[in-house]
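Let's take a walk through this fold, starting with one helix and working outward from there. Keep the structure open as you read.

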Amino acid sequence: MEATTPELIGGHVVLDFANTIAWRLDERRTVDRVSGPAELLTWAGASGLLDADRARALLRVAEADPDGAAHTLRAARRLRTALLHLLDAAVDGLPPRREDLAVVRRCLRDAWDRAEFAAALPLRPELDVTAPDDVVRALALEAAELLSGPLANLRRCRGPGCGWFFLDRSRSHTRQWCRTGDCGNRERVRRHYARSRDTRH
Ligand SMILES: [Zn+2]
């Protein structure tokens, strides 16, 4: 398995999870960084969704139960697809689709069946993560937290084909690119060449 450091540019773990599909809007380049159960659990530990020891323990559980792990992966991807649709709708100013809300609701109901209240106010759920499926539950709880708040700072990178989401925490609220060293630079280079072409002709 290729050991990769996840690119955590979203500013929220749910956006980082959505961003595990790179070049989402360019079919020829799309890469799914969560290509198997082990990649999902490794990502969960590296992204801060779970602590690293917990993620390693779940990896061992998943290795001992490939069928269960495959189920976890399918559930995680289903949730991710629904979240991507909801985030796209939010950025585009469109109403969320009912089928996507239904997927999140199912995951959230399942999560709340297992979660307890943390012993402090304000009320917040606390999930004892002991099985690979708990990763999907933890993501659902995080998603509910993100999507029930204001999304005015939610952005989708303007790099062609990129499709990554992030929270714009710049002081001017004008951040447009996932990373200036990546999509932002490519766009500057493109504009530079377009300008020099224009001046030549
Ligand atoms: Zn980008």
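This is a predicted model, and a good place to begin is the buried side of α4. Ala69, Thr72, Leu73, Ala75, Ala76, Leu79, Arg80, Ala82, Leu83, Leu86 and Leu87 are the buried residues here. How far apart are the end C-alpha atoms of α4? The helix covers residues 66-92, and at 1.5 Å a residue its 27 residues should span 39 Å; the ends are indeed 39 Å apart, so the two values agree. Just after α4 comes Gly93, with a positive phi near 70 degrees.

Now step back to the core. The largest nonpolar core holds 41 residues, and Leu79, Val135, Leu139 and Ala140 have the most contacts inside it. Two or more residues each come from α1 (13-18), α2 (37-47), α3 (52-64), α4, α5 (98-114), α6 (133-147) and β6 (165-167). The top contributor is α4, giving 9 residues. For a feel of how things meet in there, click on Leu139: leaving aside residues up to four places away in sequence, Leu139 touches Val14, Phe17, Leu49 and Leu79.

Two of those contributors also make a nice helix pair. The axes of α2 and α3 come within 8 Å and cross at roughly 170 degrees. An angle over 145 degrees counts as roughly antiparallel, so that is how α2 and α3 run relative to each other. The crossing of α2 past α3 is right-handed. At the contact, Pro37, Ala38, Leu41, Thr42, Ala44 and Gly45 from α2 meet Ala52, Ala55, Arg56, Leu58, Leu59 and Ala62 from α3.

Notes. Residues numbered from 1 in each chain as written. Predicted model: local features only at pLDDT ≥ 70, side-chain atom pairs only at ≥ 80, totals over all residues. Helix = DSSP H or I, 4+ residues; strand = E, 2+ residues; numbered from the N terminus. Expected span 1.5 Å × (residues − 1). Buried ≥ 20, exposed ≤ 12 C-beta atoms within 10 Å, placed from the backbone. Core = buried A, V, L, I, M, F, W, Y, C linked by C-beta atoms within 7 Å. Contact = placed C-beta atoms within 7 Å. Axes fitted to C-alpha atoms, helices over the stretch in contact; angles between N-to-C directions. Parallel < 35°, antiparallel > 145°, perpendicular 65-115°, else oblique. Left-handed = near helix turned anticlockwise from the far one by under 90°.
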